[in-house]
Amino acid sequence: MKKILFFLAVMPLSFCFSQSADTVDMDDFLNSLNPTVETPAEKSSLEKTAETTEDASSASETISAAEDLSSGSEEPSYDTGAFPASESSSSVTGSFAASNASSEAAADESGSAVSEHFYSPEENSAVTDVSVSALRDETAEDVSQAAEEQPESEEIDYLNMEIVIPEKKRPKKPDTEKIKEAERKDEDGEEYAKNQKTIKFGTASEISGVIDKINEAEDLRYYDDFYDLFQITKSNEIKGRILDYFAKQEDDCLEDYAVEILADPYDVPVSAVEKCFNYVSSVGSKAAGPALVKILEAGEEKYFNGALSALGKTGGVREAKYLAHYLERDDLTVPQKQALMRTLGAMSAAETWEEVRKIALDEDENSFVRMYAAESIGKMQKDESVPVLMKLFEEGDPNMRQYCIKGLSYYPNSKDAKETVIQAIRDDHYKVRLEAISAVKKLKMEEAVPYLTYRAKNDPENVVKKECFPVLAELNTKDSIAFLIEQITDKSVPDSVKYQAAEALMKNGISGEDEIIALAKDVLKDDRRKSLRQNLGKLFIKYARPGYSEICVLYLQSKDTLTQSQGLELYKNARYESAKPSVQAIVDDKNAKTSNKKRARSLLGLSEEEENKPASSESVSGSDAK
């Protein structure tokens, strides 16, 4: 009787529910009416998922009403972040699943795409009625359709990409100018013919030696020879050297072989796999990406650095996102995390900025990983990075401050970034000061000249002083050039500093030439300053400018053998007409060092017979006179 009275009391409610659901079996309905249920059940995870799409909102309300009729058993604990899968639950695949931790774990184990499931607890088995199931299916369809409209998770998609071996292809046509240059050096073609025979008939070690020599000379006449040899040789040593040859030329003709090896690297020597890593990196092989990911996922430590480096050099945004996701693994060693972060920094993918920023700010993270992360967000050149790097600079240790400056050096239009660099020039740690000086050069900060001239004079570390000189020359302001010339002309300045100033000015090639030549004339007269004389001589030889003709003559006329040989080298590079008589004088000087005489004779194009001819004539004349 109590049940009947209770039934009559709730009949209006039952009628309302019937507007949004099919008829419910009476026995199941009566069993579900448990008077111990005092509070309505909170919205299920299904409702929360359905509410993410406009099309599913009405269906969500219907399901909520139907589930209020469930049995009075204890309410399940719903986890809004993860939906445990049941055998009867529907599967919805979409990008929202990629962020679910438990789903990612399942994807790792199965190797299949991550899927999301609606929650259907056993305690609520009473609502597995056909009508509610139909509503669930309909809602799942709507949510699935909405998920398909969202951009697919690039990390998950990348993990499941099929490894496709590229088609075979012949080498590209080599550079015509380089071919002609090689032919000029081998006028009669004798060397080419000899090498071809070695390639065809030689042993593995003989062929390897020839390949190394050809690769060093960058002789491109052997493209077809090497490619054809690669197809038939069984020697991993030869294959590795040919891979290096084509990698140097960035020719992807062997991409099919390299990707095939990387797809299954476990039956070949590690050295051969490393050659393939280097090759796909050099040619920028996109086809190698899935194979490289597979290697990283396998967790083979011996391949980790090679695969990571190759993926960083060949990959784009999608690969960067994958690596950012990979950083979340718990089984990574500290060196691996450091390598991952450096690779991400090299890729400069702004799409990973948020993940990398969090790592940079995480005080519980390894300090080296954090500092690489700081540099990485700087390389991404997002304005939001500047305040983050400034905060880390203020709070960090010297290593962190150094890498913050590295990151800030990518912001030439940021006043805050430049002000932080100025602060760093005065940092207590010399590595931070060095990094700041490098940033000044990169940012072309003329306002930093007073700070650099002070450091060049007064810094306690010679390495910091030395670094200031080339940057001052490159900034090329009135004050920076005046400071450098002063170092050359001031007699109280040590010769080592004079050389640094001269080196910076000569590299810049704009100012200070007269002062440097005057300095060279002084040291030519003083054998106690031979070190500066020789160092200046190296600079004259390196740049060999027209204004150095007088100094070339003075070096040739020196009685010091090494100074004289530097004069000959300078003459060889510049061929100053005014210096030619001085070269001839060395040829005629009986007391000149043999090596210098031979060099002078060669520069003038004289044979040994021609050199001795005048001497023989003199000898005959003297004999006749006697």
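Visitor: Why is Lys530 called partly exposed?

Guide: Its relative accessibility is 30%. Buried means under 20% relative accessible area, exposed over 50%, and partly exposed is in between (1.4 Å probe, protein chains only). So Lys530, at 30%, counts as partly exposed. A quick caveat: this is a predicted model, where local features need pLDDT of at least 70 and side-chain atom pairs count only at pLDDT 80 or more, while totals for chains, interfaces and linings use all residues. Residues are numbered from 1 along each chain as its sequence is written, and side-chain values use heavy atoms, with hydrogens and water left out.

Visitor: And what makes Asp560 buried?

Guide: Asp560 has a relative accessible area of 18%, and the cut-off for buried is under 20%, so the label fits.

Visitor: How do you know that Asp560 and Lys530 meet in a salt bridge?

Guide: A salt bridge needs a side-chain nitrogen of Lys or Arg within 4 Å of a carboxyl oxygen of Asp or Glu. Here the N to O value is 3.3 Å, so the pair qualifies. Asp560 sits in the loop between α32 and α33 (561–574) and Lys530 in helix α31, 30 residues apart. Helices here are DSSP runs (H or I, at least four residues; strands are E, at least two), numbered from the N terminus.

Visitor: What makes Arg241 and Asp212 a salt bridge?

Guide: Their closest N and O atoms are 3.1 Å apart, so they fall within the 4 Å limit. Arg241 belongs to helix α13 (residues 236–248) and Asp212 to helix α11 (residues 204–217). Arg241 is partly exposed at 23%, and Asp212 is partly exposed at 35%.

Visitor: Why is the Arg401 and Asp427 pair said to tie together parts of the chain?

Guide: Because Arg401 is in helix α23 (residues 398–408), whereas Asp427 is in the loop between α24 (415–425) and α25 (430–443), 26 residues apart in sequence. Their salt bridge is 2.8 Å, N to O, and both Arg401 and Asp427 are buried.

Visitor: Why does Arg545 have no salt bridge?

Guide: Glu513, the nearest side chain of opposite charge, is 5.5 Å away, so the 4 Å limit isn't met. Lys and Arg count as positive and Asp and Glu as negative; His and the chain ends are not counted. Arg545 is buried all the same.

Visitor: What makes Met506 a polar contact of Arg545?

Guide: The backbone oxygen of Met506 lies 2.8 Å from a polar atom of the Arg545 side chain. A polar contact is a pair of N or O atoms within 3.5 Å; within protein, one must be able to donate a hydrogen and the other to accept it, and residues adjacent in sequence count only if both atoms are side-chain atoms. So 2.8 Å is inside the limit.
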